[in-house]
Amino acid sequence: RPIWLTRAGAGAPESKGSDGSDRTSSLSKQGQQFAQRLANFVKTRAGCYWERSRKPEEATQVFTSTMPRAVSSALCVDLQPDQQSALNPIDKGVLGVGWWDVECEDDVPPWNEMKKRHPDLFQEFEVDPLNWQFPGGERYVDMVKRLESVLIDVEMCTHPVLIVSHITTLQVLLSYFK
């Protein structure tokens, strides 16, 4: 069965919080277009899967983080997403407020920016990235542990699965599925 991992659609700049965070932001026009394209992709690919498998068609299981953009990105699929806080991005604590948001522009977290702004912390991070703790936040190993329940749910699914989440979370999920 297919398992699709995707980031939440782009957020609207005007809906960011006062600290610059987009944890509560809604989808921008571009994000809404992405959500529609995602729905079309899932419908087409799921249809192909069911046709090839010659099994009766079942609904795609959709999991999202609890962040509004992730939920909104999945709503166009016409299925009620299973919102799971375990799929929320890594808690960066006090690090990055105003510059390292829930999402980043690239497909990797902004490590180069962290290296410039917090060279001492970055050096500690490089020694043991899995166990290094964001000041006042989580370690990647904490996120791995909280994702175990989601992975069990996904592994138990016998039909297509869509997961809409955030870059740090998707990196961990991708490492599991590879």
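Modeller: Before we look at any side chain, let us fix one term: a polar contact is a pair of N or O atoms within 3.5 Å, where, within protein, one atom must be able to donate a hydrogen and the other to accept it, and where residues adjacent in sequence count only if both atoms are side-chain atoms. Please also keep in mind that this is a predicted model.

Colleague: With that term in hand, which side chain is joined to Gln 84 by a polar contact?

Modeller: The side chain of Asp 82 is the partner, and the polar contact between Asp 82 and Gln 84 spans 3.2 Å. Gln 84 lies in the loop between β3 and α3, and this residue is buried because its relative accessible area is 12%, while the cut-off for buried is under 20%.

Colleague: Which residues does Gln 84 touch, not counting residues up to four places away in sequence?

Modeller: Gln 84 touches Phe 63, Thr 64, Ser 65 and Thr 66, and also Ser 149, Val 150 and Asp 153, with residues up to four places away in sequence left out of the list.

Colleague: Let me step back to the whole chain, then: in what order do its elements run from the N terminus on?

Modeller: The chain has six helices and four strands, and their order from the N terminus is β-α-β-α-β-α-α-α-β-α. Of its 178 residues, 47% count as buried, and among contacts with a separation of 6 or more, 65% are between residues 24 or more positions apart.

Colleague: How should I read the sheet, and which strands stand at its edges?

Modeller: The sheet is open, with four strands in the order β1-β4-β2-β3 and parallel pairing. β1 and β3 stand at the edges, each with a single partner strand, so one side of each has no neighbour in the sheet.

Colleague: How many bridges join β1 and β4?

Modeller: Five bridges pair β1 with β4 in the parallel sense, and you can follow them by eye at Ile 3, which stands opposite Val 161, and at Thr 6, whose bridge partner in β4 is Val 164. β2 and β4, which also run parallel, are joined by four bridges; here Gln 61 stands opposite Val 161, and Val 62 has Leu 162 as its bridge partner.

Colleague: And how does the chain cross from β2 to β3?

Modeller: Two bridges join the parallel strands β2 and β3, and Thr 64 stands opposite Gln 83 in β3. Between these strands the chain passes through helix α2 (residues 68-75), and this β-α-β crossover is right-handed.

Colleague: Which way do the side chains of a strand point?

Modeller: In a regular strand the side chains alternate between the two faces of the sheet. In β4, Val 161, Ile 163 and Ser 165 point one way, whereas Leu 162 and Val 164 point the other way. Five of the five residues of β4 are buried, so you should look for cover on both of its sides when you turn the model.

Colleague: For a helix, which residues point the same way?

Modeller: An α-helix has 3.6 residues a turn, so residues three or four places apart point the same way. With that in mind, look at the buried residues of α5, which are Tyr 140, Val 141, Met 143, Arg 146, Leu 147, Val 150, Leu 151 and Val 154. These buried residues pack against β1, β2 and β4, and against α3, α4 and α6. Helix α5 has 17 residues and reaches 24 Å from its first C-alpha to its last, close to the 24 Å expected, and it bends by about 35° at Glu 148.

Colleague: Where is Phe 134 found, and is it buried or exposed?

Modeller: Phe 134 sits in the loop between α4 and α5, and it counts as buried because its relative accessible area is 1%. Its C-alpha atom is 7.8 Å from that of Val 94, although the two residues are 40 apart along the chain.

Colleague: What is the sign of phi in Arg 54?

Modeller: Most residues other than glycine have a negative phi. Arg 54 has a positive value, near 60°, and its place is in the loop between α1 and β2. Arg 54 counts as exposed because its relative accessibility is 77%, and the cut-off for exposed is over 50%.

Notes: Residues numbered from 1 in each chain as written. Predicted model: local features only at pLDDT ≥ 70, side-chain atom pairs only at ≥ 80, totals over all residues. Heavy atoms only, no water. Expected span 1.5 Å × (residues − 1). Bend = angle between axes of the 7 residues up to and from the residue. Buried < 20%, exposed > 50% of the residue type's maximum accessible area, 1.4 Å probe, protein only. Contact = heavy atoms within 4.5 Å. Pairing = 2+ DSSP bridges. Right-handed = clockwise from strand over helix to strand, strands pointing away.
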